Amino acid sequence: MKDNILFRAIINVVMILLLLMAVVMNISVFTNYQSLAVVSGSMEPTLPYGSLIVISPQKEYEVEDIVTFHSTGDGEVKRFTHRIVSINEGLVSTKGDANNAIDPSPTSLSRAEGKVVVTIPYIGYLVMFFEKRWVKVAAILLVLLWMAVELELAKRRKKLKNQEGESLMKEGGEHPEEIVAEAGKLKNQEGENPMKEGGESPEEIAQEAGKRKEE
């Protein structure tokens with residue numbers, strides 16, 4: 001019994017972790033924020049490798065803001081997150097805190113996805129792990145398995161509860177229908193008792209009254 005409780009506790013913790021990771025990785029679906037993993041050391045020590053950053057779009061960006069930009073053109077979208085060191089007519093010069101020089105080419109502010117507003121160390125490692133295709137498939141299968149197990153356990157608990165109820169009724173010696181029938185008999189007997197205590201039924205009283213009237 002204790003082993004089952006421990007096993008279910010572990011499974012529940014894993015499910016909660018998966019749920020939290022799903023929310024973190026898809027936060028952009030519910031809000032204007034977006035979560036990303038830091039996959040390089042160009043912004044250390046401000047943004048250590050393996051950290052999780054949360055970015056938020058801004059109407060205006062200022063020098064010293066740490067901003068995530070995306071690449072242009074077709075193909076896979078690439079991003080980099082660097083600090084703005086200067087702004088000139090819609091073009092910004094950026095630099096990684098760990099780099100010795102400014103980035104070679106200016107970047108258009110139209111490519112800015114958002115300013116870094118939150119940094120959480122180490123959580124980025126989990127994000128990078130869950131972004132792998134086979135991990136996503138395994139996580140979905142695990143959730144489906146967990147749901148199937150919980151449904152089966154719920155059915156077993158319901159069946160056990162019904163069996164316990166039937167056992168209690170057998171120990172009491174009477175079925176609920178028998179109890180209802182017995183209650184009905186007692187009620188009828190209570191209705192008959194007043195007539196027996198008086199000694200005469202309503203019909204006998206009526207006949208007696210008629211005789212007296214004739215006399």
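In the predicted model, strand E4 pairs with strand E5 (residues 91-95) in the antiparallel sense, over 5 bridges, and within this pairing Lys95 of E5 is the bridge partner of Arg83. The two strands form a hairpin with 2 residues between them. Glu89, which is found in the loop between E4 and E5, has a phi near 50°, a positive value in a residue other than glycine. Most residues other than glycine have a negative phi, and most peptide bonds are trans. With a relative accessibility of 80%, Glu89 counts as exposed, the threshold for that class being over 50%.

The hairpin belongs to an open sheet of 7 strands, in which the order is E1-E2-E7-E3-E4-E5-E6 and the pairing is antiparallel. The edges of this sheet are taken by E1 and strand E6 (107-108), each of which has a single partner strand, so that one side of each is left without a neighbour in the sheet. Strands of a sheet pair through backbone hydrogen bonds, in either a parallel or an antiparallel arrangement. In the chain as a whole there are 6 helices and 7 strands, and from the N terminus on the elements run α-α-β-β-β-β-β-β-β-α-α-α-α.

Strand E7 (residues 112-120) is joined to strand E3 (residues 66-70) by 3 bridges, the two strands running antiparallel. Here Gly114 of E7 is the bridge partner of Thr68, while Ala112 of E7 stands opposite Phe69. E7 also pairs with strand E2 (residues 52-56), again in the antiparallel sense and over 5 bridges, and in this pairing Ile53 stands opposite Thr119 of E7. E3, for its part, pairs with E4 in the antiparallel sense over 5 bridges, with His70 placed opposite Arg79 of E4.

The pairing of E3 with E4 is accompanied by a contact between aromatic side chains of these strands. A search of the whole structure finds 4 aromatic pairs, and among them is the pair of Phe69 and Phe80, which is stacked, with 5.4 Å from centre to centre and 25° between the planes. Because Phe69 lies in strand E3 and Phe80 in strand E4, this pair ties together parts that are 11 residues apart in sequence. The two rings are assigned to separate accessibility classes, in that Phe69, at 0% relative accessibility, counts as buried, whereas Phe80, at 24%, counts as partly exposed.

A further aromatic pair is formed by Phe129 and Phe130, whose ring centres are 5.6 Å apart and whose planes meet at 80°, so the pair is edge-to-face. Phe129 counts as partly exposed at a relative accessibility of 37%, and Phe130 is buried, with a relative accessible area of 13%. Together with Trp134, Phe129 and Phe130 form one aromatic cluster.

The largest pocket in the model has a volume of about 600 Å³. Of the 23 residues that line this pocket, the closest to its centre are Leu36, Ala37, Val38, Val39 and Arg79. The elements that contribute two or more residues to the lining are strand E1 (34-37), strand E4 (79-88) and helix H3 (123-130). By residue class, the lining divides into 12 nonpolar, 7 polar and 4 charged residues. Arg79 thus appears both among the residues closest to the centre of the pocket and as the residue of E4 that stands opposite His70.

Two further backbone features are found in loops of the model. The peptide bond from Glu44 to Pro45 is cis, with omega near 5°, and Pro45 lies in the loop between E1 and E2. Tyr122, which lies in the loop between E7 and H3, has a positive phi of about 70° although it is not a glycine. Tyr122 is exposed, its relative accessible area being 64%.

With regard to the chain overall, 20% of its 215 residues count as buried. Among the contacts with a separation of 6 or more, 54% are accounted for by residues 24 or more positions apart.

Note on methods: Residues are numbered from 1 along each chain as its sequence is written. Side-chain values use heavy atoms; hydrogens and water are left out. On a 1 Å grid over the protein atoms alone, a cavity is a set of points where a 1.4 Å probe fits but cannot get out, and a pocket is an open set with protein on both sides within 12 Å along at least five of seven lines; lining residues have an atom within 4 Å of a point. Grid points are joined across faces, edges and corners, and a volume is the space filled by probe spheres set on the points. Helices (H or I, at least four residues) and strands (E, at least two) are DSSP runs, numbered from the N terminus. Ala, Val, Leu, Ile, Met, Phe, Trp, Tyr, Cys and Pro count as nonpolar, Asp, Glu, Lys and Arg as charged, and the others, Gly among them, as polar. Two strands pair if DSSP finds at least two bridges between them. Rings of Phe, Tyr and Trp (its six-membered ring) pair if their centres lie within 6.5 Å; planes under 30 degrees apart count as stacked, over 60 as edge-to-face and the rest as tilted. Buried means under 20% relative accessible area, exposed over 50%, partly exposed in between (1.4 Å probe, protein chains only). Contact means heavy atoms within 4.5 Å.
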